[in-house]
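Biologist: Could you walk me through what holds this fold together? I would like to start with the core and then turn to the salt bridges.

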Amino acid sequence: MDDSTLQRLSIVKLIENHPSLDLVAEYNNAIEAKMGLATNEIDLVFLDIEMPILSGFDLLDDLTNKPQIIFVTGKTKYAFKAFDYDAVDYLRKPISKDRFLNAVHKAITNYKLKNDDGFDDEDFIFVKSNLKKRKVFLNELRYIEALGDYVKLVTEHDALVVLSTMKAFEKLLPSDRFLRIHKSYIVNLEKVEKYNSKIIELDTEQLPLSRNRKTDLVEALAANMRA
């Protein structure tokens with residue numbers, strides 16, 4: 001298995017583990033990718049610049065409707081040209097998880113701005129739990145708890161365990177409605193009923209509040225009430 005195949009498998013795994021991404025297809029070369037883009041509605045492409053026959057740049061030159069692009073390459077010499085193509089980001093191999101999450105966050109933000117997707121009571125995210133995509137409405141999401149390599153999403157109806165990180169969800173969720181109150185907890189501000197210097201209360205549940213996050217909580221709750 002060559003390096004490019006290993007890198008592609010690595011990106012595929014990161015995509016599959018991200019709560020907001022749905023992998024439609026993967027391709028070995030630009031010819032196959034061009035055909036796939038013509039038959040599928042794609043919002044975001046992770047594109048290797050150095051490919052056989054056609055480069056990533058050649059592929060983009062042939063496309064009429066371009067999706068958002070995150071370039072992937074082992075070399076830095078293409079970076080300047082990549083941004084001439086209005087790239088979301090430029091990831092250098094080997095790709096770190098933090099850089100991947102940061103690039104995806106930019107793409108999600110761009111998508112929301114382009115489609116005027118403001119958050120409201122009907123907003124939702126898709127998460128993968130027990131190998132299935134599940135829709136989670138943000139107004140029903142009570143809090144998120146860290147569980148090692150996983151996170152637990154506690155909603156009004158049930159709890160879902162997802163392979164992801166707290167950092168990924170902290171970036172994914174709207175900051176005016178959700179706040180990280182502890183290294184292991186993110187809370188829906190609308191669900192907070194009481195709090196003191198050590199805990200917050202959501203109905204019958206109590207969650208720990210980090211000392212250095214109390215000021216953030218007070219300010220966030222005040223802003224949430226004004227909104």
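The questions and answers below go through the nonpolar cores and then the salt bridges.

Modeller: A word on the ground rules: this is a predicted model, where local features need pLDDT of at least 70, side-chain atom pairs count only at pLDDT 80 or more, and totals for chains, interfaces and linings use all residues. Residues are numbered from 1 along each chain as its sequence is written, and side-chain values use heavy atoms, with hydrogens and water left out.

Biologist: Which helix gives the largest share of the largest nonpolar core?

Modeller: A nonpolar core is a set of buried Ala, Val, Leu, Ile, Met, Phe, Trp, Tyr and Cys residues joined through side-chain atoms within 4.5 Å; buried means under 20% relative accessible area, exposed over 50%, and partly exposed in between (1.4 Å probe, protein chains only). The largest such core has 34 residues, and Phe46, Phe100, Ile144, Leu153 and Phe169 touch the most other members. Helices (H or I, at least four residues) and strands (E, at least two) are DSSP runs, numbered from the N terminus. The largest share of this core, 6 residues, comes from helix α5 (residues 97–114).

Biologist: Which residues is phenylalanine 46 in contact with, beyond its neighbours within four places in sequence?

Modeller: Contact means heavy atoms within 4.5 Å. Phenylalanine 46 is among the members of the largest core that touch the most others. Its partners outside that sequence window are Ile11, Ile15, Leu21, Ile70, Val72, Phe100 and Val104.

Biologist: How many places apart in sequence are the parts that glutamate 26 and arginine 8 tie together?

Modeller: A salt bridge is a side-chain nitrogen of Lys or Arg within 4 Å of a carboxyl oxygen of Asp or Glu, and the side chains of glutamate 26 and arginine 8 meet in one at 3.1 Å, N to O. Glutamate 26 sits in the loop between α1 (3–16) and α2 (30–39), while arginine 8 belongs to helix α1, so the parts they tie together are apart by 18 residues.

Biologist: Is arginine 142 buried or exposed?

Modeller: Arginine 142 pairs with aspartate 203 in a salt bridge of 3.3 Å, N to O. Aspartate 203 is partly exposed, with a relative accessible area of 44%. Arginine 142, at a relative accessible area of 7%, is buried.

Biologist: Which residues are joined into one network by salt bridges that share partners?

Modeller: By the rule above, the count comes to 16 salt bridges. Those that share partners link up into one network of Arg142, Glu156, Lys191, Asp203 and Glu205.
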